[in-house]
Amino acid sequence: MANDAVAGNALRVAPAGPADGDDPVRAVLAAYTKDLIRAVDDTLAGFLATEVAALTRIDAAMGGFAATASDYVLGGGKRVRPTFAYWGWRGVIGNGDPLPPVLPALSALELLHTFALVHDDVMDASATRRGRPTAHVALAAQHAAAGHRGDPGRFGEAVAVLIGDLCMVWADRLLSQATLPPARLLEVRRCYDQMRVETVAGQYLDVLGESDAANWSVDRALRVARYKTASYTVQRPLLFGACLAGAEPQGPLTAAYSRYGLAVGEAFQLRDDLLGVYGDPVTTGKPAGDDLRIGKPTTLLMLARQLATPAQRRGLDGAGAEATDQEIARLAGVVADTGAVTRMERMIDDRVAEALAALDTAPIDETARTALTGLAAAATHRRS
């Protein structure tokens with residue numbers, strides 16, 4: 001359950017300004033919505049305990065499977081999506097309504113996020129996430145350690161897919177616990193469903209790009225960023241929050257949220273592309289250079305190819321799944337030499353400016369405007 005401060009909707013809000021600390025996302029989110037994040041975690045923990053117990057009563061193995069899924073939900077993360085949804089909601093209602101009735105809906109977004117992460121890790125064959133083995137890798141290791149029959153890797157991938165599926169169902173179930181008028185809950189569900197469709201469509205484009213990288217482009221890479229990341233990370237959570245508050249679907253506030261959310265969401269993914277090559281694995285929780293190793297057609301790599309000299313382009317074609325760390329470091333240097341990194345930084349800054357311009361005229365609560373201003377910078381200028 002939420003703590004008393006959250007129950008009264010009295011979330012502490014820090015003044016606008018640069019965040020302290022090495023990770024501005026964590027610093028700003030903690031300063032602005034510390035109580036909210038705690039409330040979301042408490043809501044998730046209570047809900048998941050009930051769900052795990054129910055499956056354990058059917059079969060101990062099912063309980064263990066559900067507990068593994070629960071661990072991946074609760075095992076870290078910045079709670080970015082519930083936070084944007086909260087400020088989308090708060091921007092409409094101000095201090096007028098209590099938070100607990102909508103907490104299940106905000107928290108459901110984190111279950112949806114876990115679904116997407118676990119499936120994405122399987123599709124990308126990622127070994128680590130948030131500094132720990134990904135679900136399919138950990139499950140494969142458990143299978144091997146137990147001496148079970150069959151291919152451990154295949155088992156790990158199959159069970160990870162089921163964990164993702166279970167989190168998707170849990171998200172639906174938790175969303176239904178929001179205390180809202182039936183007509184509004186139906187509108188919220190429509191917004192939520194659109195977010196899910198766009199997430200799956202963006203993920204498909206991401207997979208397609210890896211199989212057809214030679215025919216990919218900067219525009220198409222940006223389209224992947226728009227639908228795979230921007231939609232379900234910032235834009236749709238904001239609109240989801242506005243819908244929870246009963247905002248007019250075609251009103252000026254919704255238009256401002258759409259503009260802000262698309263700009264910040266794209267910048268968020270562009271930063272991810274840079275961190276995927278140049279980030280510190282200790283901070284990001286995953287290896288650097290995997291995108292280059294597999295030739296993933298990110299906006300960064302597409303820009304590098306576009307800007308490269310013929311000699312540099314030949315160098316960009318030199319990576320492969322078996323590339324050494326030294327070869328990946330050399331390739332990262334070639335990407336930087338093309339000017340792609342500088343161009344990416346400019347694209348991020350331009351999108352943050354676009355987002356802030358959208359907020360300037362948005363008819364929203366001033367506290368929410370302050371928070372969203374800080375979050376635009378924090379979510380796009382970060383180290384993890």
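This passage describes helix packing and the surroundings of selected residues in a predicted model.

Two helix pairs illustrate contrasting orientations. Helix α4, spanning residues 80-93, packs against helix α5, spanning residues 103-124, at an angle of about 150°, and their axes lie 8 Å apart. Because angles over 145 degrees count as roughly antiparallel, α4 and α5 are assigned to that class. The crossing of α4 past α5 is right-handed. On the α4 side the contact is formed by Arg 81, Pro 82, Ala 85 and Tyr 86, and on the α5 side by Leu 106, Leu 109, Glu 110 and His 113; by class, these residues of the α4 and α5 contact comprise five nonpolar, one polar and two charged.

Helix α10 (residues 252-278) and helix α17 (residues 366-380) pack at an angle of about 25°, with 8 Å between their axes. Since angles under 35 degrees count as roughly parallel, α10 and α17 are described as roughly parallel to each other. Tyr 257, Tyr 260, Val 264, Ala 267, Phe 268 and Arg 271 of α10 meet Leu 372, Leu 375, Ala 376, Ala 379 and Thr 380 of α17, and this contact has nine nonpolar, one polar and one charged residues.

Phe 268 of α10, which takes part in the contact with α17, is also among the residues in contact with Thr 229. Thr 229 lies in helix α9, which covers residues 218-244, and its relative accessibility of 7% means that Thr 229 counts as buried. With neighbours within four places in sequence set aside, the contacts of Thr 229 are Val 224, Val 234, Gly 265, Phe 268 and Gln 269.

Both α9 and α10 recur around helix α13 (residues 299-307), whose buried residues are Thr 299, Leu 300, Leu 301, Met 302, Leu 303 and Ala 304. The elements covering these buried residues of α13 include, besides α9 and α10, the helices α12 (290-294), α14, α15 and α16 (340-360). The loop between α14 (310-316) and α15 (325-337) contains Asp 317, which, at 49% relative accessibility, counts as partly exposed. The C-alpha atom of Asp 317 is separated by 9.1 Å from that of Leu 331, a residue 14 positions away along the chain.

Helix α7, formed by the 24 residues 152-175, reaches 34 Å from its first C-alpha to its last, close to the 34 Å expected at 1.5 Å a residue. Its buried residues include Gly 156, Val 159, Ala 160, Ile 163, Gly 164 and Leu 166, together with Cys 167, Met 168, Trp 170, Ala 171, Leu 174 and Leu 175.

Conventions: Residues are numbered from 1 along each chain as its sequence is written. This is a predicted model: local features need pLDDT of at least 70, side-chain atom pairs count only at pLDDT 80 or more; totals for chains, interfaces and linings use all residues. Side-chain values use heavy atoms; hydrogens and water are left out. Axes are lines fitted to C-alpha atoms, for helices over the stretch in contact, and angles run from 0 to 180 degrees between N-to-C directions. Helices (H or I, at least four residues) and strands (E, at least two) are DSSP runs, numbered from the N terminus. Angles under 35 degrees count as roughly parallel, over 145 as roughly antiparallel, 65 to 115 as roughly perpendicular and the rest as oblique. A crossing is left-handed if the near helix is turned anticlockwise from the far one by less than a right angle, and right-handed if clockwise. Contact means heavy atoms within 4.5 Å. Ala, Val, Leu, Ile, Met, Phe, Trp, Tyr, Cys and Pro count as nonpolar, Asp, Glu, Lys and Arg as charged, and the others, Gly among them, as polar. The expected span of a helix is 1.5 Å times one less than its number of residues. Buried means under 20% relative accessible area, exposed over 50%, partly exposed in between (1.4 Å probe, protein chains only).
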